Amino acid sequence: MARDDDMKAWSPDRWRDHPARQLPHYPDRQALAAVEAHLHDAAPVIAIDDARRLREQVAEVAGGNAFILQGGDCAENFDDAVAERVARLSRLFDEMAALLRPEVGAPLVRIARIAGQFAKPRSAPTEKRGSVELPAYRGDIINGQGFSAAARAHDPHRMVRAHLQSVGTAAILSVARHGQKPIYTSHEGLLLPYEEALTHRDADGRWWATSGHMLWLGDRTRQLDGAHVDYLSGIENVVGIKCGPTMEAGELAALCARLDPEDTPGKLVLIGRFGADQLRAKLTPLLDAVKGRNVAWIIDPMHGNTEKVEGRKLRRFDAIMAEIEGFIACCREAGVHAGGVHLEMSPDDVTECLGGGGPQGPSDLDRAYRTACDPRLNRAQSVELARRLAMLL
Ligand code: PEP
Ligand code: CO
């Protein structure tokens with residue numbers, strides 16, 4: 001923590017005093033300021049009371065009495081058919097929950113990657129095709145997917161459009177849930193100007209992100225003294241921490257202390273994403289490092305199992321299942337509750353991951369490879385995963 005922080009109380013804009021990775025560069029400062037002012041006065045995407053409810057549910061997970069099913073697109077898009085997507089995704093959650101619920105023997109907490117999952121961290125700042133090099137695509141909230149200088153320019157006005165789409169998506173989700181189990185919203189807390197503008201106080205003066213019920217810290221932006229950690233340390237929402245293979249035990253302990261100094265149940269969800277091969281070696285010391293803390297541990301079996309074949313990303317169902325299986329086994333050995341899964345999944349018949357009843361080989365991926373970023377399980381693969389997960393539980 002920077003020493004200044006000891007004196008300067010947290011505020012939604014304090015992240016600006018910290019080094020920030022993965023943020024866009026907006027050349028037009030005036031346009032950015034206008035967008036920020038607009039968003040500050042715009043409608044919240046979610047209700048603070050619902051974000052508070054999610055904290056209570058996650059506290060149950062941390063206590064070993066509930067299970068998180070989190071999933072959705074790697075990245076949402078501006079041309080998504082919002083109402084239809086919500087309906088289809090809700091149905092997929094229902095199908096998976098019907099398989100899982102009896103085996104879990106405890107409430108399922110449903111959380112979608114939706115209504116704000118627009119900004120993507122990237123491994124490389126640029127993309128090269130032939131001799132042309134352009135800024136990388138960073139998600140529709142920042143720039144466009146098209147391979148042209150105009151599309152790839154960082155445009156602050158895209159935040160306004162993302163916000164509107166998110167408000168609509170969250171509204172449809174909350175209408176759809178009347179009489180059903182709620183589906184909470186979540187996204188990576190990456191684009192800090194957007195998050196800052198949508199951070200508001202509750203009646204007790206506490207700060208909440210109103211961009212989504214749960215925000216998570218990405219694996220590339222988890223520097224202890226960094227801007228993203230600083231921002232997430234001040235909000236009351238459930239906060240996820242992606243734990244990749246380079247995370248060390250001391251680092252995780254320090255992150256937990258920084259993001260949740262009072263060790264409140266329901267505040268932190270630790271999301272392992274190591275890759276099937278590395279899971280056991282990497283997870284065990286991390287489980288130890290935070291043993292006794294009130295955290296929920298879940299597994300993201302997607303992001304550590306990405307391969308590149310002929311320039312295209314793919315994931316294998318068997319590796320995904322192997323990481324889940326290893327996670328459950330390690331948690332059992334350590335006496336820790338295996339608290340859930342975090343998936344990239346689509347309710348559509350996409351062909352982005354291999355196996356699990358889906359495409360057999362890389363050439364079968366051509367038919368419906370539609371993701372804007374990472375490969376998702378399709379509907380059938382997601383249901384198959386839930387079936388096998390139920391057996392493991
Ligand atoms: C993601 O969840 O889409 C993502 C980028 O994850 P990670 O930060 O774990 O790589
Ligand atoms: Co992803």
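Lys and Arg count here as positive and Asp and Glu as negative, while His and the chain ends are left out. With that convention, the protein chain carries 49 positive and 55 negative charges, and the mean positions of the two sets lie 2 Å apart. Please keep in mind as you read on that this is a predicted model.

**Overall build**

Let us start with the fold as a whole. The protein chain has eleven helices and 15 strands. Its radius of gyration is 20 Å, close to the 21 Å that the globule rule gives for 393 residues, so the chain is as compact as a globular protein of that length. Along the principal axes, the C-alpha atoms of the protein chain fill a box of roughly 55 × 50 × 45 Å.

Of the 393 residues in the protein chain, 56% are buried. Among contacts with a separation of 6 or more, 74% join residues 24 or more positions apart. The accessible surface of the protein chain amounts to about 15,800 Å², and carbon and sulfur atoms account for 49% of that area.

**Cysteines without a partner**

How many disulfides does the model contain? The count comes to zero. In general terms, a disulfide is a covalent bond between the sulfur atoms of two cysteines. To be counted, a pair of cysteine sulfur atoms has to be within 2.5 Å. Cys 243 does not form such a bond because its closest cysteine sulfur, in Cys 256, is 7.4 Å away, which is too far. Cys 331 is in no disulfide either, with the sulfur of Cys 330 as its nearest, 7.0 Å away.

Here are the two cysteines side by side:

| Cysteine | Nearest cysteine sulfur | Sulfur distance | Relative accessible area |
|---|---|---|---|
| Cys 243 | Cys 256 | 7.4 Å | 0%, buried |
| Cys 331 | Cys 330 | 7.0 Å | 0%, buried |

Cys 243 counts as buried because its relative accessible area is 0%, under the 20% limit for that label. The value for Cys 331 is likewise 0%, so this cysteine is buried too.

**A look at Ser 346**

Where does Ser 346 sit? Its place is in the loop between strand E14 (338–344) and strand E15 (353–354). Although it belongs to a loop, Ser 346 is buried, with a relative accessible area of 0%.

Which residues does Ser 346 touch, leaving aside those up to four places away in sequence? They are Arg 85, Leu 92, Arg 376, Leu 377, Asn 378, Arg 379 and Ser 382. Thr 371 is 25 residues from Ser 346 in sequence, and their C-alpha atoms are 9.2 Å apart in space.

Note on methods: Residues numbered from 1 in each chain as written. Chains lettered and ligands numbered in written order. Predicted model: local features only at pLDDT ≥ 70, side-chain atom pairs only at ≥ 80, totals over all residues. Heavy atoms only, no water. Buried < 20%, exposed > 50% of the residue type's maximum accessible area, 1.4 Å probe, protein only. Helix = DSSP H or I, 4+ residues; strand = E, 2+ residues; numbered from the N terminus. Rg over C-alpha atoms; globule rule 2.2 N^0.38 Å. Contact = heavy atoms within 4.5 Å. Areas by Shrake-Rupley, 256 points an atom, 1.4 Å probe, with all protein chains shown as cover. Charge placed at Lys NZ, Arg CZ, Asp CG, Glu CD.
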